Amino acid sequence: MRGTQSASDNAMAMGVHSVSPYLICKNAVAAIKFYSDAFGATEMMRLPAPDGRIMHACLKLNGASVMLSDEFPDHGVLSPATLGATPVLIHLIVDDADASMAQAENHGATIRLAAHDAFWGDRYGQLTDPFGHLWSISTPGNTKTPEEMQAALAEMSKGTV
């Protein structure tokens, strides 16, 4: 820690949040363009490696920092495209889930779950970006208590077992 500021304070001073997703992408240059075009991200910085791959980049997306780089297989840094899947779902809150999903699809994303009114009260859908990362897109709706969500889940689940 430098001086009297916390590590989190130092990160925030640089525009980076103390918890940020770090995405590994095949073709990080194309990923930066996709996230800018599809989700309105703005590039904060880019550090190219000597061979031209992106060693590190940082984007601002909905006020949060998202970091990314190209694959570096010789260091075990692999993308979902190379691994064949990812267990991580990145949650993005937007003003209009339907419009955001359509925009992402127009830029190459694949819709996994169409936007719909979810039992917990949000307008919600899921997509896979062209680089294999999974995103949930959500517009908060009617706020429900945990008990109301549990009851809605139980009602939705009737007859599915």
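These questions and answers concern the nonpolar core and a surface patch of a predicted model. Local features need pLDDT of at least 70 and side-chain atom pairs count only at pLDDT 80 or more, while totals for chains, interfaces and linings use all residues. Residues are numbered from 1 along each chain as its sequence is written, and side-chain values use heavy atoms, with hydrogens and water left out.

Me: Which element gives the most residues to the largest nonpolar core?
Reply: A nonpolar core is a set of buried Ala, Val, Leu, Ile, Met, Phe, Trp, Tyr and Cys residues joined through side-chain atoms within 4.5 Å, and the largest one here has 28 residues. Elements giving two or more residues to this core include strand 1 (22-25), helix 4 (97-106) and strand 8 (134-139); helices (H or I, at least four residues) and strands (E, at least two) are DSSP runs, numbered from the N terminus. The most, 7 residues, comes from helix 2.

Me: Is Ser 100 buried or exposed?
Reply: Ser 100 belongs to helix 4 and is in contact (heavy atoms within 4.5 Å) with Ala 38, Val 94 and Ile 137, leaving aside neighbours within four places in sequence. Buried means under 20% relative accessible area, exposed over 50% and partly exposed in between, with a 1.4 Å probe and protein chains only. Because its relative accessible area is 16%, Ser 100 is buried.

Me: What is the relative accessible area of Leu 47?
Reply: Leu 47 is found in strand 2. Leu 47 counts as partly exposed, because its relative accessible area is 40%.
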